[in-house]
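Work through the exercises below with the structure in view. Try each task before reading its solution.

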Amino acid sequence: MDGTVVDRLVEANERYAAAFTDPGMDARPVLEVAVVACMDARIDLHAALGLELGDCHTVRNAGGVVTDDTIRSLAISQRALGTRSVALIHHTGCGLQSLTEEFRHELEREVGQRPTWAVEGFTDVDQDVRQSLRKVRTSPFLPHTDDVRGFVFDVTTGLLREITA
C-alpha cells in the first residue's frame, strides 16, 4: 500500500466529496436522540440501530463509559441541540474488560507523566451499563432523563440486550 492509512482516508474523502451534495440539515438530530457507545470498530451503530444520517448524535469512547466529557457532550446535545432521549450501548468482548488502572501507571512509567484521566475499566459489562445509567440519570446538567436506556450489544449476534437499573 502506498502512503499512510491517513493518506488513504484523505483520498477516500476526495472521492466522497466529488459526489457530495449538501443534505440541507442542521446539527439538531431528527430523532432527538443521543447514542453513547464504545468506539469498538466492530460496531456499525447506524446499521445496527437502523439510523440514517442526521437521525442522532453519536458519542463514542473506549468502553462507551459515561465520563465527565460524555456528560459535557450530552449536555450540549440536550440543552443546545434538542435531544430528549439517550441510548447507552456497551458490548460483549470489550477491551476495557481486561484493562485496569495499572494501565495509567504503566503510561506514567513509560512517559514520565501520569494521565489525568481514568481508564474506567470494568469486569462486569451489565454492571457498568447500570453505573452509566445512574450517571446520566442523576446528572444535574441533563434536563431530559426520562428516556435513558442502556444496552449490551452482542458482537457475535448483532443483537441488543437491555439492561435495567
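**Exercise 1: two cysteines**

Cys94 is buried, at a relative accessible area of 7% (buried means under 20%, exposed over 50%, partly exposed in between, with a 1.4 Å probe and protein chains only). This is a predicted model, in which local features need pLDDT of at least 70, side-chain atom pairs count only at pLDDT 80 or more, and totals for chains, interfaces and linings use all residues. Residues are numbered from 1 along each chain as its sequence is written, and side-chain values use heavy atoms, with hydrogens and water left out.

Task: Why is the sulfur of Cys94 not bonded to that of Cys38?

Solution.
1. A disulfide is a covalent bond between the sulfur atoms of two cysteines.
2. The cut-off for the sulfur pair is within 2.5 Å.
3. The closest cysteine sulfur to that of Cys94 belongs to Cys38, 4.1 Å away, so the gap is too far for a bond.
4. Cys38 is buried too, with a relative accessible area of 4%.
5. The structure holds zero disulfides.

**Exercise 2: the sheet**

Task: In which order do the five strands lie, and which are the edge strands?

Solution.
1. Strands are DSSP runs of E, at least two residues; helices are runs of H or I, at least four; both are numbered from the N terminus.
2. Two strands pair if DSSP finds at least two bridges between them.
3. The order is β2-β1-β3-β4-β5, in an open sheet with mixed pairing.
4. β2 (56-61) and β5 (160-163) are the edge strands, each pairing on one side only.
5. β1 (residues 33-38) pairs with β2 in the parallel sense, over six bridges.
6. Val36 stands opposite Val59 in β2.
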